[in-house]
Amino acid sequence: MDKRVHWHVLGAGAMGCLWAADLARAGHEVTLLLKPDHPAGTGSVMVEDGQSVQSSIIRTAHTSTQPIQHLLVCTKATDTVTAVTMHHASLTEDACVVLLQNGMGQHQQLAERFPGIRLYAALSTDGAWLKAPFHVVHAGHGLTRIGGYTRNATAIALLPALHALVLPIEWTDDIMPALWLKLAINCAINGLTALHDCLNGELLDDGPRQRTMQQLCEEVAAVMQATGIAVTTGDHLYQAAVETAQKTAENRSSTLQDFRAGRATEIPALNGYIVSAGERLGIATPANRDIVDRIMQRRPLPPSTA
Ligand code: PAF
């Protein structure tokens, strides 16, 4: 049976390009949906991985001329609803929509806005950054976990369309604890790397940075415990953040890339989500609030001494 399908990928950042290239390499037809200010046509996406550079030919477009059956959303979390709304008219009735993003809140917003949508959540521990438009450096090898967010988002409806990928994927029946764990990791790493202008691994070179990571994780754990999502400790989340920082040591976090380029960051859907949840639940989250305030006001942290 020919399992090749037509994937539309929304978002031409590092993860969008990495996935578009991998889907094309696996034999799928791929259309990368671009913002109107990017020229569309046929182009190549380059993936640099250690010494090797691979190029995949894909189609780029502003809007889809065909019905969209498989949509992978790799935009910033904060742009999700606007971006999917732009292409919603092209989605088939039983389309699979996969959100592969950092952050929390956008899944719920989309499910509420489009009742009946077949929505999946995916999260990745890969480290990747854009060297130039459509040229991605795969700096850290991780795993992508995927699970259904809405009840109709079953494994059987999606997994055949993800066969033969090089990027390792794993189906997860209950994706929520994994989403929260990834949220904690991003809350501990992303804002700090931007404010210290450092690589992920450099967070571990210095005692005060590690203590801030630990405090950020303690606050996320307190919010998680209060929401009843999963029983976890700040220490467990911190260990997971340290492990990710080690595995992606040479990576520039997505927030650092955005912050350096003067773009909006995903911090509102990361630390900002924890601050809002904390307010609702009566839990103090000063370390996460400080990250949000500093990123919004573009106030880097002073250099620390270990
Ligand atoms: O946002 C990112 O950059 C990534 O989620 C991660 C895992 C922190 C690696 O840089």
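This is a short dialogue on reading a predicted model.

Trainee: Where do I start with the ligand? Which residues are around it?

Mentor: Start with the list of neighbours. Here the residues around the ligand are Asn-102, Lys-182, Asn-186, Asn-190, Asn-200, Thr-244, Thr-248, Asn-251, Ser-253 and Ser-254.

Trainee: How does that shell divide into nonpolar, polar and charged residues?

Mentor: Sort the neighbours by class. Nine residues of the shell are polar, one is charged, and none is nonpolar.

Trainee: Which helix gives the largest share of the shell?

Mentor: Match each neighbour to its element. Helix 5, residues 176-196, gives the largest share, with three residues of the shell.

Trainee: How do I look at single atoms? What lies 2.8 Å from an oxygen atom of the ligand?

Mentor: Look at pairs of polar atoms. A polar side-chain atom of Asn-102 lies at that distance, 2.8 Å, from a ligand oxygen. The side chain of Asn-251 also has an N or O atom 2.8 Å from an oxygen atom of the ligand. For Asn-190, an N or O atom of the side chain is 2.9 Å from a ligand oxygen.

Trainee: How much of the ligand's accessible area does the protein cover?

Mentor: Take the area that the ligand has on its own, then ask what share is covered. On its own, the ligand has 280 Å² of accessible area, and the protein covers 95% of that.

Trainee: Now the core. How many residues does the largest nonpolar core have?

Mentor: A core is read as a set of buried nonpolar residues joined through side-chain atoms. The largest one here has 43 residues. Trp-180, Leu-183 and Met-213 have the most contacts inside it.

Trainee: Which elements each supply at least two residues of this core?

Mentor: There are both helices and a strand. Strand 7 (118-124) is one of them, along with helix 5, helix 6 (207-227), helix 7 (234-247), helix 9 (271-281) and helix 10 (286-296). The largest share of the core comes from helix 5, with 12 residues. Helix 5 also gives the largest share of the ligand shell.

Trainee: Which domains does this core draw on?

Mentor: Compare the core with the domain bounds. At least three core residues come from domain 1 (6-173), and at least three from domain 2 (177-297).

Trainee: Let me try single residues. Is His-138 buried or exposed?

Mentor: Use the cut-off: buried means under 20% relative accessible area. His-138 has 6%, so His-138 is buried. The place of His-138 is in strand 9.

Trainee: Which side chains does His-138 contact?

Mentor: Two polar contacts can be described. One, of 2.7 Å, joins the side chains of His-138 and Asp-126. Another, of 3.2 Å, joins His-138 to the side chain of Asp-49.

Trainee: And what about His-135? Where is it placed?

Mentor: His-135 is in strand 9, which covers residues 135-140. With a relative accessible area of 17%, His-135 is buried. The side chains of His-135 and Glu-48 are joined by a polar contact of 2.7 Å.

Trainee: How do I read a phi angle? What is the sign of phi in Ala-164?

Mentor: Most residues other than glycine have a negative phi. Ala-164 is not a glycine, yet its phi is positive, about 65°. Ala-164 lies in the loop between helix 4 (155-158) and strand 11 (169-171). Ala-164 is exposed, at 52% relative accessible area.

Trainee: What is phi near in Arg-298?

Mentor: Arg-298 has a phi near 50°, a positive value in a residue other than glycine. Arg-298 sits in the segment after helix 10. At 42% relative accessibility, Arg-298 counts as partly exposed.

Trainee: Last topic, distances. How many residues apart are Arg-289 and Asn-271 along the chain?

Mentor: Read the sequence gap and the spatial gap together. Arg-289 and Asn-271 are 18 residues apart along the chain, and their C-alpha atoms are separated by 7.0 Å. Arg-289 is in helix 10 and is partly exposed, at 36% relative accessible area.

Trainee: How far apart in space are Asn-288 and Ser-55?

Mentor: Their C-alpha atoms are 39 Å apart, with their positions 233 residues apart in sequence. Asn-288 is also found in helix 10. Asn-288 is buried, with a relative accessible area of 0%.

Trainee: And Ile-58? Which strand holds it?

Mentor: Ile-58 lies in strand 4, residues 52-61. Ile-58 is buried, at 3% relative accessible area. From Ile-58 to Arg-294, the distance is 39 Å, C-alpha to C-alpha, and the two are 236 residues apart in sequence.

Definitions and conventions. Residues are numbered from 1 along each chain as its sequence is written. This is a predicted model: local features need pLDDT of at least 70, side-chain atom pairs count only at pLDDT 80 or more; totals for chains, interfaces and linings use all residues. Side-chain values use heavy atoms; hydrogens and water are left out. A residue is near a molecule or strand if one of its heavy atoms lies within 4 Å of it. A polar contact is a pair of N or O atoms within 3.5 Å; within protein, one must be able to donate a hydrogen and the other to accept it, and residues adjacent in sequence count only if both atoms are side-chain atoms. Accessible areas come from the Shrake-Rupley method with a 1.4 Å probe; for residues, only the protein chains shown count as cover. Helices (H or I, at least four residues) and strands (E, at least two) are DSSP runs, numbered from the N terminus. Ala, Val, Leu, Ile, Met, Phe, Trp, Tyr, Cys and Pro count as nonpolar, Asp, Glu, Lys and Arg as charged, and the others, Gly among them, as polar. A nonpolar core is a set of buried Ala, Val, Leu, Ile, Met, Phe, Trp, Tyr and Cys residues joined through side-chain atoms within 4.5 Å. Buried means under 20% relative accessible area, exposed over 50%, partly exposed in between (1.4 Å probe, protein chains only). Domain bounds come from an automatic or database domain assignment.
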